[in-house]
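Me: Hi! I have a model open on my screen and would like to walk through it with you. Could you help me find my way around?

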Amino acid sequence: MRFVIQRVSEASVSVNQQIIGSIGKGFLVLIGVSQTDTKAIADKMIKKLLGLRIFEDQNGKTNLSLQDVDGCLLLVSQFTLYADCRKGNRPSFINAGAPELAENIYQYIISECQSQLAGSPDKVQHGSFGADMKVSLLNDGPFTIILDSETLSMQ
């Protein structure tokens, strides 16, 4: 599983020129699911995501988590995170999870984040699985982190 996490001042996702999800301060998270991913792996990735301390404290140090700053999440599925560009110029997506598996895990991630983030139900917004989405963001920093379940210590 791969998460590309961007700290944002604001972000939105639209389908057919209609905004379906938008947030202010928080994380825009692009989510890639592989063929071998499970809900157990998702749980570990969610724990790491929600625990990341990448917002500045009063001393200017990146020391605060999403919950510390009352931030929001915008979760967007992105199978292209599993693009394999080693051969030729046309990427292969053979390592991306099958649509049924990927959608199931994506929906699970949304549900778990909603239940774990305190406050309003609007704290977790999301895209539409498999749709042609347009994502807009104002990256804060810029600050972008990649979490990969294969290289992350998953205790």
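**The hairpin and its turn**

Reply: Happy to! E1 and E2 make a hairpin with two residues between them, and Asn16 in the turn has a positive phi of about 50°. Keep in mind that this is a predicted model.

Me: Which way do E1 and E2 pair, parallel or antiparallel, and over how many bridges?

Reply: Antiparallel, over five bridges, with strand E1 covering residues 2-15 and strand E2 covering residues 18-23. Val15 stands opposite Gln18 in E2.

Me: And what about Gln17, what's its phi?

Reply: Gln17 has a positive phi of about 65°, although it is not a glycine. Gln17 sits in the loop between E1 and E2.

Me: Is Gln17 buried or exposed?

Reply: Exposed, because its relative accessibility is 79%, and the cut-off for exposed is over 50%.

Me: Where else should I look for a positive phi at a residue that is not a glycine?

Reply: Try Asp70, with a phi of about 55°. Asp70 lies in the loop between E5 and E6. Asp70 also counts as exposed, because its relative accessible area is 54%.

Me: Switching topic: which residues touch the most other members in the largest nonpolar core?

Reply: Phe3, Phe27, Val29, Leu49, Leu73, Leu75 and Ile109 do, out of 30 residues in that core. At least two residues each come from E1, E3, helix H1 (39-51), strand E4 (53-56), E6 and H2. H2 gives the most, with seven residues.

Me: Let me zoom in on Val29. What does Val29 touch?

Reply: Leaving out residues up to four places away in sequence, Val29 touches Phe3, Val4, Ile5, Leu49, Leu73, Leu74, Leu75 and Val76. There is also a second, separate core of 13 residues, which includes Val8, Val13, Val76 and Met133.

Me: Any general reason to expect nonpolar side chains together like that?

Reply: In soluble globular proteins, nonpolar side chains tend to be buried together.

Me: OK, pockets now. How much space lies in the largest pocket?

Reply: About 370 Å³. The lining of the largest pocket has 21 residues, and those nearest its centre are Ser77, Gln78, Phe79, Thr80 and Met133.

Me: Which elements give two or more residues to that lining?

Reply: Strand E3 (26-32), strand E6 (72-77), helix H2 (99-116) and strand E8 (133-148). E3 has the largest share, with four residues.

Me: How many of the lining residues are nonpolar, polar or charged?

Reply: The lining has 14 nonpolar residues, seven polar and no charged ones. Met133 turns up twice in our chat, then: Met133 is among the residues nearest the centre of the pocket, and Met133 is also in the second core.

Me: Good to know. What about Ser65, where is that?

Reply: Ser65 lies in strand E5, residues 62-65. Ser65 counts as buried because its relative accessibility is 9%, and the cut-off for buried is under 20%.

Me: Which residues is Ser65 in contact with?

Reply: Setting aside neighbours within four places in sequence, Ser65 is in contact with Leu50, Gly51, Leu52, Arg53 and Phe55.

Me: Last one: which peptide bond is cis?

Reply: Look at the bond from Gly141 to Pro142, which is cis with omega near -5°. Pro142 is found in strand E8, one of the elements that give two or more residues to the pocket lining.

Notes: Residues numbered from 1 in each chain as written. Predicted model: local features only at pLDDT ≥ 70, side-chain atom pairs only at ≥ 80, totals over all residues. Heavy atoms only, no water. 1 Å grid on protein atoms, 1.4 Å probe; cavity = no way out; pocket = protein on both sides within 12 Å on 5 of 7 lines; lining within 4 Å. Points joined across faces, edges and corners; volume = space filled by probe spheres on them. Nonpolar A, V, L, I, M, F, W, Y, C, P; charged D, E, K, R; others polar. Pairing = 2+ DSSP bridges. Core = buried A, V, L, I, M, F, W, Y, C linked by side-chain atoms within 4.5 Å. Buried < 20%, exposed > 50% of the residue type's maximum accessible area, 1.4 Å probe, protein only. Contact = heavy atoms within 4.5 Å.
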